[in-house]
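Reader: I would like to learn how to read the place where two chains meet. Could you take me through it step by step?

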Number of protein chains: 2
Amino acid sequence: VDRRRLSDAEIREALSGLSAWIRVDNALRRELTFPTFAEAFRFMTATALVAESMNHHPEWTNVYNRVSILLSTHDAGGITGLDIELARKIEEIVGRE
Amino acid sequence: VDRRRLSDAEIREALSGLSAWIRVDNALRRELTFPTFAEAFRFMTATALVAESMNHHPEWTNVYNRVSILLSTHDAGGITGLDIELARKIEEIVGRE
């Protein structure tokens, strides 16, 4: 995984395959809505396991059935390949639910 | 559980036994820091089960080992006995960890 801070062009390229994600300054953002709290938290649990295995963690907020996720790499001061990889893995989880 | 919006005096009284919680406008707030992400998320999982069983859910944010919780009762437009009860149950979870 590329731990370098990505250029604007590299971020645009990566986001072309991640249509649910938007760039907000130095982070990637995704909003999700589930039918229930239980389903939102099930998604969070699956994502937590992936994040922990990557040792790369989201900043996220949950309100009932909604989850808002921000991905960024503090050490690099912006968006890196780690964020792209975690975003892709989150899409795999969303696709499975 | 009292589902009425509590008065300022009732909230002060309830918070006298919940020293880690502060009132912020129409919500109760608690910030927690754990040694690791895994421990923070373990706490969140325990709290999610309690919240679901009460059908009363927090607004909460997690960043690595930190968890920030806001409790409020939307239907009542403020803090009710449900929030006090959930805060107490969260303290029980914190005490067990």
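**Reading an interface**

Author: Let us begin with who takes part: in this predicted model, the contact draws 15 residues from chain A and 15 residues from chain B.

Reader: How is the extent of such a contact expressed, and what is the area buried between chain A and chain B?

Author: One looks at the accessible area that two parts lose on being put together, summed over both. Here the area buried between chain A and chain B is about 1,400 Å², and carbon and sulfur atoms give 68% of that. On the side of chain A, the three residues A:F37, A:F41 and A:W60 supply 36% of the area that this chain buries against chain B, which is more than any other three residues.

Reader: Which elements of chain A give two or more residues to the side that touches chain B?

Author: They are α2 (37–54) and β3 (59–63) of chain A, and α2(A) brings the largest share, namely seven residues. Sorted by class, the side of chain A that touches chain B holds nine nonpolar, four polar and two charged residues.

Reader: How many salt bridges are there between chain A and chain B, and how many residue pairs are in polar contact across the interface?

Author: The count of salt bridges between chain A and chain B is zero, whereas three residue pairs, both residues at pLDDT 80 or more, are in polar contact across this interface.

Reader: What should I look for in the strands, and how does β3(A) run relative to strand β3 of chain B?

Author: Look for the bridges that join one strand to another, and for the direction in which the two run. β3(A) and strand β3 (residues 59–63) of chain B run antiparallel and are joined by five bridges; within this pairing, A:N62 has B:W60 as its bridge partner, and A:T61 stands opposite B:T61.

Reader: Which strand of chain A is also joined to β3(A) by five bridges?

Author: That is strand β4 (residues 66–71) of chain A, again antiparallel to β3(A), with A:L70 of β4(A) as the bridge partner of A:E59. The two strands form a hairpin with two residues between them, and A:Y64 in the turn has a positive phi of about 50 degrees.

Reader: Along β3(A), which side chains are buried and which are not?

Author: The side chains alternate along this strand: A:W60 and A:N62 point to one face and are buried, while A:E59, A:T61 and A:V63 point to the other face and are not.

Methods: Residues numbered from 1 in each chain as written. Chains lettered and ligands numbered in written order. Predicted model: local features only at pLDDT ≥ 70, side-chain atom pairs only at ≥ 80, totals over all residues. Heavy atoms only, no water. Contact = heavy atoms within 4.5 Å. Buried area = accessible area lost by both parts, 1.4 Å probe. Salt bridge = Lys/Arg side-chain N within 4 Å of Asp/Glu carboxyl O. Polar contact = N/O pair within 3.5 Å; in protein donor to acceptor, adjacent residues only side chain to side chain. Helix = DSSP H or I, 4+ residues; strand = E, 2+ residues; numbered from the N terminus. Nonpolar A, V, L, I, M, F, W, Y, C, P; charged D, E, K, R; others polar. Pairing = 2+ DSSP bridges. Buried < 20%, exposed > 50% of the residue type's maximum accessible area, 1.4 Å probe, protein only.
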